[in-house]
Amino acid sequence: MHELAICKGIIDIVNSEAKEKGFKKVLEIDLSVGEYSGIVCQCVREFFPVAAAGSAAENAKLEMNTIEARFKCLDCGYEGPVNRHDACCPECKSWSLKMTRGREFYVEQIKVE
């Protein structure tokens, strides 16, 4: 249920930007969500209208773009995606991996009227 708090955080960002930039209505909010961020996009979509009610983002369209996870193998230097089921380097089969991308979550863009 932390997605409701996430939606409220998005609305806080929108309200802050609305105050700073002087817009009254948000048409669309584009989010970037890492594959391993732990955020359930469907829950964000469901909770967003509740969090946005009465704000500049009420009735705004919500776009969610997935950021594919990337890893670096600390043994052979491979950089790229890894199969979720084996969780090892596809080149050398090492488990010494460091995630370099895929946990992000941020507001990419706010389209306003």
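The following exchange goes through salt bridges, aromatic contacts and nonpolar cores in a predicted model.

Trainee: How many salt bridges does a search of the whole structure find?

Mentor: One of them pairs Lys-21 with Glu-17, and another pairs Glu-28 with Lys-111. Counted over the whole structure, the salt bridges number 6.

Trainee: Which residues are joined into one network by salt bridges that share partners?

Mentor: Lys-21 bridges Glu-17, with the closest N and O atoms 2.7 Å apart, and Lys-21 also bridges Glu-20, where the corresponding separation is 3.4 Å. The first of these pairs sits within helix 1 (residues 2-21), where a spacing of 4 residues places Lys-21 and Glu-17 about one helical turn apart. Lys-21 is exposed at 52% relative accessibility and Glu-20 is exposed at 58%, whereas Glu-17 is partly exposed at 25%. As Lys-21 takes part in both bridges, the network consists of Glu-17, Glu-20 and Lys-21.

Trainee: How many residues apart along the chain are Glu-28 and Lys-111?

Mentor: Their salt bridge has its closest N and O atoms 3.3 Å apart. It links distant parts of the chain, with Glu-28 in strand 1 (residues 26-34) and Lys-111 in strand 6 (residues 105-112), and the separation in sequence is 83 residues.

Trainee: Is Glu-28 buried or exposed?

Mentor: Its salt-bridge partner, Lys-111, is partly exposed, with a relative accessible area of 35%. For Glu-28 the relative accessible area is 13%, and since the limit for the lowest class is under 20%, Glu-28 is classed as buried.

Trainee: How far apart are the C-alpha atoms of Lys-93 and Glu-35?

Mentor: Lys-93 is placed in the loop between strand 4 (79-80) and strand 5 (97-101), and it is exposed, with a relative accessible area of 53%. Lys-93 and Glu-35 lie 58 residues apart along the chain, and their C-alpha atoms are separated by 22 Å.

Trainee: What geometry does the aromatic pair of Tyr-36 and Phe-71 have?

Mentor: The search of the whole structure returns 1 aromatic pair, and its ring centres are 6.0 Å apart with 90° between the planes. The pair joins distant parts of the chain, as Tyr-36 is in the loop between strand 1 and helix 2 (41-52) and Phe-71 is in strand 3 (residues 70-73). Tyr-36 is partly exposed at 29% relative accessible area, while Phe-71 is buried at 11%. Because planes over 60 degrees apart fall into that class, the geometry is edge-to-face.

Trainee: Which residue lies over the face of Tyr-36?

Mentor: Tyr-36 already pairs with Phe-71 through its ring. Over the face of Tyr-36, at 4.3 Å from the ring centre, lies Arg-84.

Trainee: Which element gives the most to the largest nonpolar core?

Mentor: In soluble globular proteins, nonpolar side chains tend to be buried together. Here the largest nonpolar core has 21 residues, and Val-26, Ile-29, Leu-31, Phe-48 and Ala-57 have the most contacts inside it. Helix 1, strand 1, helix 2 and strand 2 (61-67) each give two or more residues to this core. The most, 6 residues, comes from helix 1.

Trainee: How many residues are in the other core that lies apart from it?

Mentor: In the largest core, Ala-57 is one of the residues with the most contacts, and beyond its neighbours within four places in sequence its contacts include Ile-11, Val-14 and Phe-48. The other core includes Ala-69, Phe-71, Cys-73 and Val-82 among its members, and its residues number 7.

Key. Residues are numbered from 1 along each chain as its sequence is written. This is a predicted model: local features need pLDDT of at least 70, side-chain atom pairs count only at pLDDT 80 or more; totals for chains, interfaces and linings use all residues. Side-chain values use heavy atoms; hydrogens and water are left out. A salt bridge is a side-chain nitrogen of Lys or Arg within 4 Å of a carboxyl oxygen of Asp or Glu. Buried means under 20% relative accessible area, exposed over 50%, partly exposed in between (1.4 Å probe, protein chains only). Rings of Phe, Tyr and Trp (its six-membered ring) pair if their centres lie within 6.5 Å; planes under 30 degrees apart count as stacked, over 60 as edge-to-face and the rest as tilted. A charge sits over a ring if NZ of Lys or CZ of Arg is within 6 Å of the ring centre and within 35 degrees of the ring normal. A nonpolar core is a set of buried Ala, Val, Leu, Ile, Met, Phe, Trp, Tyr and Cys residues joined through side-chain atoms within 4.5 Å. Contact means heavy atoms within 4.5 Å.
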